[in-house]
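Dear colleague,

I am handing over the structure we spoke about, and below it I set out what was found in it. Please read the notes with the structure open beside them.

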Amino acid sequence: MTRIAVTGATGHLGRLVIESLLTKGVAPGDIRAVVRSPERAADLAARGVEVREGDYSRTETLPGALEGVDRLLLVSGSEVGRRVPQHTAVVEAAELAGVQLLAYTSVLRADTNELVLAPDHTATEAVIRAAGIPFTFLRNGPYLENYTGQLGQYLATGRIVGASGDAAVSGATRSDFADAAAAVLAGEGNEGAVYELGGPAFKMSELAAAITEVTGKRVEYVEVPVQQFVEGAKAAGIDPGFAEMLGVLEQCSARGDWRTDSVDLERLLGRPATTLTEAVREAYTALEA
Ligand SMILES: NC(=O)c1ccc[n+]([C@@H]2O[C@H](COP(=O)([O-])OP(=O)(O)OC[C@H]3O[C@@H](n4cnc5c(N)ncnc54)[C@H](OP(=O)(O)O)[C@@H]3O)[C@@H](O)[C@H]2O)c1
């Protein structure tokens with residue numbers, strides 16, 4: 001019996017990983033859902049998953065959270081700037097708990113990527129390597145939901161405004177990234193593996209075309225200078241600091257930071273990744289519901 005823990009289990013990705021483990025036939029009692037707020041995981045507890053409190057910042061919660069765990073998925077935290085000490089605390093607790101496999105949700109080419117979000121992942125990967133626990137790095141590309149989540153706005157304006165030079169990004173659905181993580185956690189032979197994970201690359205103009213095809217409503221991609229992009233985001237009510245960050249992320253996309261030609265994702269899935277068109281269709285169905 002292998003006991004598998006998933007951190008961030010009340011988050012979007014963590015929840016999907018637990019669903020995928022259950023679908024793969026892992027017994028609920030062998031799964032530990034590590035969460036900040038156990039009351040938000042009552043549905044998982046009701047299904048027999050063991051819910052444990054574990055807050056990356058409250059290190060006293062971590063030994064109990066990881067006790068008896070054989071395999072751990074550390075879902076990278078969401079508090080940018082605080083993540084390295086937080087992740088380090090989890091790695092140290094995993095070491096003490098005798099975890100045999102530590103999988104970590106990193107970012108594409110974490111060791112060389114100039115992506116603004118990469119340094120936290122670079123540092124975390126180094127901490128994990130130094131700890132000596134057998135690891136698997138799941139270097140995730142961008143979630144397709146980063147784009148399809150804005151479908152309502154795209155349809156309302158008929159435009160996708162960007163400053164990425166219409167560079168291609170290798171987006172995949174959270175659900176596919178989660179299935180890949182679950183395949184690693186429930187599978188064998190992934191120790192020491194570094195997976196570059198992404199779906200088929202697409203440009204924003206291709207996203208616009210997919211939306212037009214699926215919805216029958218014309219949407220076009222409009223390229224603007226990055227400063228205009230940032231000002232537009234601010235004018236639309238986005239927090240100024242976040243708007244600046246979105247501008248930086250557009251520049252990262254333009255540089256190709258969100259692109260990979262690796263087929264690691266479909267290898268782990270054992271099937272093709274969800275296509276852009278399928279993801280747009282799903283988002284449109286949800287929007288119309
Ligand atoms: N590849 C991409 O496009 C992309 C996009 C966005 C984010 N990410 C990264 O991927 C991660 C997972 O994505 P997601 O969509 O699942 O994000 P999410 O829904 O925001 O989930 C993040 C999870 O991390 C947990 N968390 C944050 N700080 C924590 C702490 N101090 N202690 C314990 N747990 C903590 C959150 O706990 P609560 O449930 O209690 O809030 C949440 O469950 C993100 O955290 C981020 O690092 C990747």
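Which residue has a side-chain N or O atom 3.1 Å from a nitrogen atom of the ligand? That residue is Asp55, and the distance, like every value here, is computed on a predicted model. Two further residues place polar atoms by ligand nitrogen: a backbone N or O atom of Tyr56 lies 2.7 Å from a nitrogen atom of the ligand, while for Gln86 a polar side-chain atom lies 3.5 Å from a ligand nitrogen. Taken alone, the ligand exposes 880 Å², and 82% of that area is buried by the protein. Around the ligand there are 23 residues, of which Thr10, His12, Leu13, Tyr56 and Ser76 come nearest.

Turning to the domains, the assignment for the protein chain gives domain 1 as residues 4–140, whereas domain 2 is assembled from the segments 141–172, 198–259 and 274–289. Their C-alpha centres lie 28 Å apart, and the contact between them takes 11 residues from domain 1 and 12 residues from domain 2.

The area buried between domain 1 and domain 2 is about 920 Å², with carbon and sulfur atoms giving 64% of it. On the side of domain 1, Leu108, Leu115 and Val116 lose the most area to domain 2, and together they make up 43% of what that side buries. As for polar interactions across this interface, the rule finds 0 salt bridges, but it does find 6 residue pairs in polar contact, counting pairs with both residues at pLDDT 80 or more. The residues of domain 1 that touch domain 2 divide into 6 nonpolar, 2 polar and 3 charged.

With kind regards

Terms used. Residues are numbered from 1 along each chain as its sequence is written. This is a predicted model: local features need pLDDT of at least 70, side-chain atom pairs count only at pLDDT 80 or more; totals for chains, interfaces and linings use all residues. Side-chain values use heavy atoms; hydrogens and water are left out. Domain bounds come from an automatic or database domain assignment. Contact means heavy atoms within 4.5 Å. Buried area is the accessible area (1.4 Å probe) that two parts lose on being put together, summed over both. A salt bridge is a side-chain nitrogen of Lys or Arg within 4 Å of a carboxyl oxygen of Asp or Glu. A polar contact is a pair of N or O atoms within 3.5 Å; within protein, one must be able to donate a hydrogen and the other to accept it, and residues adjacent in sequence count only if both atoms are side-chain atoms. Ala, Val, Leu, Ile, Met, Phe, Trp, Tyr, Cys and Pro count as nonpolar, Asp, Glu, Lys and Arg as charged, and the others, Gly among them, as polar. A residue is near a molecule or strand if one of its heavy atoms lies within 4 Å of it. Accessible areas come from the Shrake-Rupley method with a 1.4 Å probe; for residues, only the protein chains shown count as cover.
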